Each structure stands twice: as structure tokens, then as C-alpha cells.
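Please open the model in your viewer and keep the sequence panel beside it. This tour tells you what to select at each stop and what is there.

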Amino acid sequence: MTTLMMLLQEAGNMAIAKAGAGIGAGLAAIGAGMGIGRIGGSALESIARQPEVSGDIRSNMIVAAALVEGAAFFAIVVCLLVLFV
Amino acid sequence: MMRTLTKFLQITLLALFLAANPIFADKPEETVASQNATDEAHHENKKFNAGELILEHVSDSHEWHVMTLGGGTEHERHISLPLPCIVKHPTQGWMVFLSSNFVNHETHQEQEYEGLKMDEKQHIVVAASGDKVLDLSITKNVFALLISLIIMCAIFLSVAKTYTRRVGQAPTGLQSFVEPLIVFLRDEVAKPSIGPKYERYLPFLLTIFFFIFINNLMGLIPILPGGANVTGNIAITMVLALMVFFITTFSGNKAYWIHIINTPGVPWWLKFPVPLMPIIELVGVVSKPLVLCLRLFANITAGHIIALAFFSLIFIFGEANAGVGYGVSVVSVAFTIFMNFLELLVAFLQAYVFTLLASLYFGSAVEEHAHHEDHH
């Protein structure tokens, strides 16, 4: 009986782990969206204020977006590890 | 309005509780499964497993699977390119053979070959004991690396020859494709980041950029010779990051190490008695290349997984109902085209970001000490 309970708990733990991975991936997407949204918003404001440096601003915006996305991808990698390893 | 809101919340919570109630959990379907087993023995009708398909496409393997004809019926034929396995057996020494030896071609079953077998993780192990062997095989990623190496050499050697033949003339042909990229990298990435000594690091930066860019692009082509997930292989990105780490460490001058061990402008109590600041800086020295590695790996692998998942939607819906499958395929193909354009942007962007960050690290390593205002 206790073995059955332990087995059931193990099965439950796996499901909870997968649910946790899914929630983590969603949170990572929210974080990336918020971060890149802010970057894009301030970039657009600066371009509106000074249109002649829009090329510079665009390259900096893309670099910053790639870095923020990198942080989100760490969370994705951890969630993938939980799901598939 | 608040009463209806709380009532709505109560009903929602009750519904969720009922739906998640373990009473409704699935019991193992023994009878249905055995019936399916006999059906499978007759028709080899494998259910479409999207997770398996995706993992198979983004991971490495000992053969290059090109296509499957007549999938899901008895006439299923796999067209794949078997790749050579180079293995050092613990007792039998070096063995070189094609990976197709591991599959019996009449029965399509796995078989052993000379005391070796392929386990379920696609690793080659000793058949009897399951011990590991030294495996230096040409796998799919190695073969794709060699292909992109040939492409890179073909492009750049021919462009270099064109430059020596046509000195001082306007660029033409392949030159006009390569020159803007190289000039962009030299003037916008290397020179501003590294400063006057940029020429020492420029060959490495250009090689890294074009290596990552061309491998990313090859990964987007769905059929041989493209489609191997090279830059999404964490071993490959880790080697690139290690190279950046070694170059940064070995070209660090005194100012660089002083910035790490004894950061100027930081209060003394962060460095002594508990050297918090040096520990943080040392963690930064290790974590910066690690972050480079993970960023490239995760971006490329995630892009491939998403594109493959969009395609798998067609087959998942098609299993339920062929008509729904055709309908979903319109949406799915549209989304996959969009994802592929995004992946093109990501291919260039990740190569650019890797190169930019590498050049920033090199720049910080060779930077001359110029903070005179911190000296007391």
C-alpha cells in the first residue's frame, strides 16, 4: 500500500514538474515581452525626438533586445531541461 | 456588479476543481492498447509523435535522415544518408564503419555490429556490457560543419583571389555581397569596441561572424545539405565561447586584471576582508562567455523547435480528421513562413550579437588605463 502511495506520488511529482516547466516558460515569455516592449518604446520615443540618429538608435535597440532575449532564453532552456531530461 | 463577479469567480473555481479532480484521471487502457498493438503489427501505423519528430530534428545522429516515403503504411521507406562511425573499442581498437550496419535492412530491426550496438540514446556502446567507447564518428553535425567549412572556404578564397586580381576596382559579384558585411564589422563592431589594436582580433571576429551566420542559414534549409542544427548544438557554441574566453584571458593586460581583482572606484569594504567585488568580477569573467554560448544555443534551437512545432500542427490535426488537417495546413504554412523570416533575422542578429559582445570583451581586455579621475 505504501509502495503504491509512493509510486502515485512519484507520478504526481513528474506531472507537477512538467506543469512547473510550462508555467516557467510562460513567465519567461512575459518577462521577455515586457523588457523588449520597454526597449522598443523608449527607442521609438527617442527617434521621435531626434529622427536623424534613428540608425544609431535602431542598432542599439536591437543589441539590447538580443541581450534581454538571452535572459529569457535561459529560463526556456531550464524549462526544456525539466521537460525532456 | 461585484455580486456577479464573485459569483462568476466561484463558478470558475468550482469548475476548475471538478476538472482537475483526480477521480477523472485516465486509467491505463489495457484492452485498447493491445488491440492497437496487433493493428500495428499488421499495418505499422505509427501515431504521429510531434515531440519525437522535433527532438529528432534538433539533435545529432549517426545518419542523415532525408525523407520518409509512404509514411504510416506498410511501404514506409526511409531515405537517409548513413554516416561513418569512427569508434575505439576498448579491446578491438579502432573501428571505422558506416552507421547503416546497425540496422538490418530486411527486417528493419536494430542489430549489433561486431560487438557494438546503438542504445536508445543513439550512443554507440559495447553490446555485451553497455560500456562506453571512444566515439569520434562523423555525425550529422560534424558532416554539416564540414559542408559549411567547404562553403566558407569557397566563398572567401574566391573573393580573396578576386581582390588580388582586380586591385583598386569596384567590387563585383560575390565581392559585393561579402564586402559590405566585412566593412560593417570592421567599422561598426571591431574598431569602436577594441580601439587602435583591432587588427589583431579582426580575423577571429570575422571568422566567428561568418561561421555562425552561415551555419544558422544552413540550419534553416529543410533538406540536405542543410537542416542540421549545428549552432543549436551546445557543444559547438561552447567551443566558440571557450575560444572567446581564452583570447580574452590571454590578451588581458595589467589594467584588465586590476579591474577584476581591485576594481577602482569601489569602496574598500567590498574588497577586504571578504573580497566580494573580486568574486563578483571573477564570476563575471566566467559567466560572460557562458552567456554567449547559451544565448546562441537557445535562440537557434528554440527557433527550430517553434518552426517544427508549427509544421507538426498540420499532422496532429490531420490525424484527427483529414479535412481539419488540410484546413490547418493553410494557417500552419503561413505561420511557418513568418517564423522562417523571423529565423532569418535571428540568424544574422545572433551572429552579430555574438561578434559584438566578443569584440567588447576583447576591447575591455586590451583597454589602456585611462581613468585618471579615480586616482587619489
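Select chain B. Residues 24 or more positions apart account for 61% of its contacts with a separation of 6 or more; two residues are in contact if their C-beta atoms, placed from the backbone, lie within 7 Å. This is a predicted model: local features need pLDDT of at least 70, side-chain atom pairs count only at pLDDT 80 or more, and totals for chains, interfaces and linings use all residues. Residues are numbered from 1 along each chain as its sequence is written, while chains are lettered from A and ligands numbered from 1 in the order in which they are written.

Color chain B by secondary structure. There are 10 helices and seven strands. Both are DSSP runs numbered from the N terminus: helices are H or I with at least four residues, strands are E with at least two. Of the 376 residues of chain B, 23% count as buried. A residue is buried if 20 or more other C-beta atoms lie within 10 Å of its own, exposed if 12 or fewer, and partly exposed in between; the C-beta atoms are placed from the backbone.

**The two domains**

Select residues 50-135 of chain B, then 140-368. These are domain 1 and domain 2, with bounds from an automatic or database domain assignment. Their centres, taken over C-alpha atoms, are 31 Å apart. Where they meet, 11 residues of domain 1 are in contact with 15 residues of domain 2 in chain B. On the domain 1 side, helix H3 (50-58) and strand S1 of chain B each supply at least two residues. H3(B) gives the most, with five residues. By class, that side has eight nonpolar, two polar and one charged residues. Ala, Val, Leu, Ile, Met, Phe, Trp, Tyr, Cys and Pro count as nonpolar, Asp, Glu, Lys and Arg as charged, and the others, Gly among them, as polar.

**Strands S1 and S2**

Now select 63-69 of chain B. This is S1, and none of its seven residues is buried. S1(B) pairs with S2(B) in the antiparallel sense over six bridges; two strands pair if DSSP finds at least two bridges between them. Show Met67(B), and look opposite for Ile79(B) in S2(B).

**Leu83 and its surroundings**

Move to Leu83(B), in the loop between S2 (77-82) and S3 of chain B. Is Leu83(B) buried, partly exposed or exposed? Leu83(B) is partly exposed, because 19 other C-beta atoms lie within 10 Å. Beyond its neighbours within four places in sequence, its contacts include Trp64(B), Ser99(B) and Phe143(B). Add Phe97(B): its C-alpha atom is 8.5 Å from that of Leu83(B), though the two are 14 residues apart along the chain.

**The three-stranded sheet**

Select 84-89 and 93-98 of chain B. These are S3 and S4, antiparallel and joined by six bridges. A hairpin of three residues connects S3(B) to S4(B). Val87(B) has Met95(B) as its bridge partner. Add 134-135 for S7(B), which two bridges join to S3(B). Here Lys88(B) stands opposite Leu134(B). The result is an open antiparallel sheet in the order S4-S3-S7 (chain B). S4 and S7 of chain B are at the edges with a single partner strand each, so one side of each has no neighbour in the sheet.

**Helix H10**

Finish with 322-366 of chain B. H10 has 45 residues and reaches 63 Å from first C-alpha to last, close to the 66 Å expected. The expected span is 1.5 Å times one less than the number of residues. Center on Ser329(B) to find a kink of about 30° in H10(B); the bend is the angle between axes fitted to the seven residues ending there and the seven starting there.
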